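Reader: I would like to learn how to read a sheet and a helix pair in a model such as this one. Could you take me through them step by step?

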Amino acid sequence: MAPLLEIRDLHAEITGGRKIINGMNLTINPGEVHAIMGPNGAGKSTLSYVLSGKPGYEVTSGEVLFRGVDLLSLSPDERAAQGMFLCFQYPLEIPGVSNMAFLHTAANSQRKQRGEPELTSPELVRKVRELGKQLGIDTDMLKRPVNVGFSGGEKKRNETLQMMLLEPFLSILDEADSGLDIDALKVVSNGVNAMRSPDRSFLVITHYQRLLDYIVPDVVHVFAAGRIVHTGGKELALELEATGYAQYQNEAA
Amino acid sequence: MAAVQDTVEQVRSIDVDQYKYGFETNIESEKAPKGLSEEVIRFISARKDEPEWMLEWRLDAYRRWLNMAEPTWARVDFPQIDFQDLYYYAAPKKFKAPKSLDEVDPEILKTYEKLGIPLREQEVLAGVEIPEGERPKIAVDAVFDSVSVATTFKEELKAAGVIFMPISEALREHPDLVRQYLGTVVPTTDNYYATLNSAVFSDGSFVYIPPGVRCPMELSTYFRINEKNTGQFERTLIIADKGAYVSYLEGCTAPMRDENQLHAAVVELVVLDDAEIKYSTVQNWYPGDAEGRGGIYNFVTKRGDCRGRNSKISWTQVETGSAITWKYPSCVLRGEGSSGEFYSIAISNGRQQVDSGTKMIHLGKNTTSRIISKGISAGRSNNTYRGLVSAHRKATGARNFTNCDSLLIGETCGAHTVPYIEAKNPSAQFEHEATTSKISEDMLFYCMQRGLSQEDAVALVVNGFVRDVLQQLPMEFAVEAQKLISISLEGSVG
């Protein structure tokens with residue numbers, strides 16, 4: 001079975017600035033859920049930005065293969081169309097653009113790039129309404145401008161809605177639990193769990209174990225000083241909760 | 001929702017490597033001699049068979065103009081215009097006042113086709129029957145260079161008592177109406193360019209809606225400059241009599257050329273008791289090349305007079321073209337309870353310079369006005385909003401709300417806001433909100449991570465930014481406007 005994502009000796013820095021990713025290796029196979037845990041400032045969010053192609057970061061060496069393709073040569077929208085989705089820690093607001101219109105544009109932009117038939121408006125509306133029901137998103141929220149005036153929980157539900165509509169092969173969840181109460185956390189995790197399938201993988205970035213009670217990982221990595229320093233099963237998350245990251249930070253340094 | 005998708009598709013389908021409308025139609029022209037003099041004005045007036053009083057009116061304006069100076073207060077910069085180096089009159093030669101579309105030169109009809117004038121207008125111009133109720137009716141009075149060549153829907157309008165014709169024709173057929181209102185909103189002494197227009201105006205539209213009549217269709221004029229070195233001096237006069245309503249659309253494109261072209265139009269609106277005029281513009285004159293060479297100079301005076309009680313004027317404009325825009329559609333709120341609105345989207349890219357805004361002059365009691373202005377600057381352009389809100393001493397209960405937002409794209413453009421607020425009546429309530437923001441890289445990245453290309457992402461964000469104004473445009477016009485907005489911002493993000 002070919003891996004979905006392969007990161008080989010990746011080094012990356014903020015353009016013109018600090019080195020953040022420092023010799024990272026990671027392989028994710030189809031159907032797997034990986035968790036990356038680590039202290040604040042370890043470079044976890046940077047990893048998600050580098051993988052999704054955010055401007056302002058520079059890969060200095062190493063390579064990343066996604067579904068066998070050289071990921072680093074693709075623009076962010078091409079990466080999205082290849083099936084990579086980043087669930088933002090702080091989703092952006094887009095004034096004046098209705099949520100439904102945004103979903104429509106996003107879904108069809110990706111389909112077009114992949115040479116697939118586009119969704120008609122009725123098809124899309126039906127799909128979005130169904131998903132919305134699962135996530136407790138009402139029609140009013142679909143008419144409102146993207147994320148404008150949404151609560152923290154609503155924003156995360158909206159991210160989950162986008163993810164479920166776009167059906168990516170790899171979803172990167174960047175601190176998906178930040179700012180969520182327990183009910184919203186359950187809604188988001190239920191969404192992720194509903195999507196789990198043999199050909200879909202998840203990379204869950206978090207520094208609390210709490211989220212992993214709901215999205216149970218196959219593999220847990222400890223990330224410190226820009227690379228993975230320890231890997232274990234789901235029980236590693238519980239261990240970390242008890243012992244903290246200090247021992248690994250020493251290890252990395 | 002489809003609107004955004006439309007934009008995206010339309011942008012893709014349009015070749016924007018060069019200005020789409022840059023071509024010329026080869027029709028022989030009859031020109032007045034170069035330069036401006038009393039003889040030229042007499043030539044124009046004679047050509048148009050005008051009554052004697054009209055000639056005197058023009059000459060009076062000309063003599064005043066000789067003693068006036070060009071305004072210099074706007075934030076625009078351009079080389080001195082040599083007014084003696086322009087032609088002031090050019091008429092397509094091959095026809096004399098056509099009676100019907102059959103008499104219109106096929107070359108001209110082809111031009112409209114090339115222009116990509118929306119199908120509905122093309123059909124109208126081509127005389128195609130449109131089934132009843134299938135789509136809103138729009139009557140087109142096309143100004144091709146200086147003489148109107150096609151006026152449509154005349155019969156149906158006539159049945160409603162609406163007069164919609166070239167102003168040169170109105171001067172012959174309804175001289176008293178024209179004489180009663182012409183120059184009463186923008187007097188011949190108003191400003192340098194308006195005075196010049198009064199002296200040499202070539203043609204334009206005349207609209208009169210009789211008392212109590214709601215105009216049965218939207219009226220539309222396409223202006224187009226086609227003759228080399230011909231300054232265009234349209235004159236439009238619209239009167240909504242008591243209780244009348246009309247929605248008027250104006251849109252324009254111009255061919256590519258080397259010399260700068262002067263365009264100094266005057267639009268006058270007169271609104272009597274309980275009447276309303278809605279005036280919408282999509283302006284897409286040639287903006288010049290990448291270095292700003294050869295674009296249109298658009299120095300326009302547009303003003304409406306809410307002369308009657310509870311009268312209303314609404315200006316909506318989408319300004320994407322021209323090398324220089326100098327334009328302040330204004331409302332004089334004279335009648336008690338009258339109201340004025342100004343909704344504007346002004347986009348500048350490349351080396352374009354825009355100085356535009358509005359004046360809301362509250363003279364009557366309980367008058368209200370509303371200004372929503374969205375300026376978008378990209379490239380190396382400069383975009384200035386300049387607005388005046390004033391309440392006269394007698395304007396008890398005057399109210400204004402102004403919202404003025406600027407969006408910057410890139411590092412080398414400028415956005416400026418120059419509001420003037422004068423309240424001479426203590427009961428006046430004026431509100432002013434303004435924001436300036438930069439299109440954020442994070443926002444674009446968010447869109448791109450969801451699958452939008454960079455250009456689509458910019459189009460989406462900008463369309464969201466201008467949404468409040470787009471909603472004011474008649475439906476079909478709004479689609480065109482969206483298309484234009486996206487085209488004018490192509491390549492604005494590196």
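Author: What follows takes up a sheet in one chain and then a helix pair in another, in a model that is predicted.

Reader: How should I begin with the sheet, and what is the order of its strands in chain A?

Author: Strands of a sheet pair through backbone hydrogen bonds, in either a parallel or an antiparallel manner. Here six strands form an open sheet with mixed pairing, ordered β6-β9-β10-β3-β11-β12 in chain A. Because β6 (84-87) and β12 (227-232) of chain A each have a single partner strand, they stand at the edges, and one side of each is left without a neighbour in the sheet. On average, neighbouring strands of this sheet are turned by 20° against each other, direction ignored.

Reader: Do β9 and β10 of chain A run parallel or antiparallel, and how many bridges join them?

Author: Strands β9 (residues 170-174) and β10 (residues 201-206) of chain A run parallel and are joined by five bridges; A:Ser171, for instance, has A:Phe202 in β10(A) as its bridge partner.

Reader: Which helix packs on this sheet?

Author: Helix α1 (residues 44-52) of chain A does, touching β3 (33-37), β6, β9, β10 and β11 (219-224) of chain A, and its direction makes about 145° with that of β6(A).

Reader: Turning to chain B, at what angle do the axes of α2 and α3 cross?

Author: The axes of α2 (residues 38-47) and α3 (residues 52-66) of chain B come within 10 Å and cross at roughly 150°, which means that α2(B) is roughly antiparallel to α3(B). The crossing is right-handed, and the contact between α2(B) and α3(B) has five nonpolar, one polar and four charged residues.

Conventions. Residues numbered from 1 in each chain as written. Chains lettered and ligands numbered in written order. Predicted model: local features only at pLDDT ≥ 70, side-chain atom pairs only at ≥ 80, totals over all residues. Heavy atoms only, no water. Pairing = 2+ DSSP bridges. Helix = DSSP H or I, 4+ residues; strand = E, 2+ residues; numbered from the N terminus. Axes fitted to C-alpha atoms, helices over the stretch in contact; angles between N-to-C directions. Contact = heavy atoms within 4.5 Å. Parallel < 35°, antiparallel > 145°, perpendicular 65-115°, else oblique. Left-handed = near helix turned anticlockwise from the far one by under 90°. Nonpolar A, V, L, I, M, F, W, Y, C, P; charged D, E, K, R; others polar.
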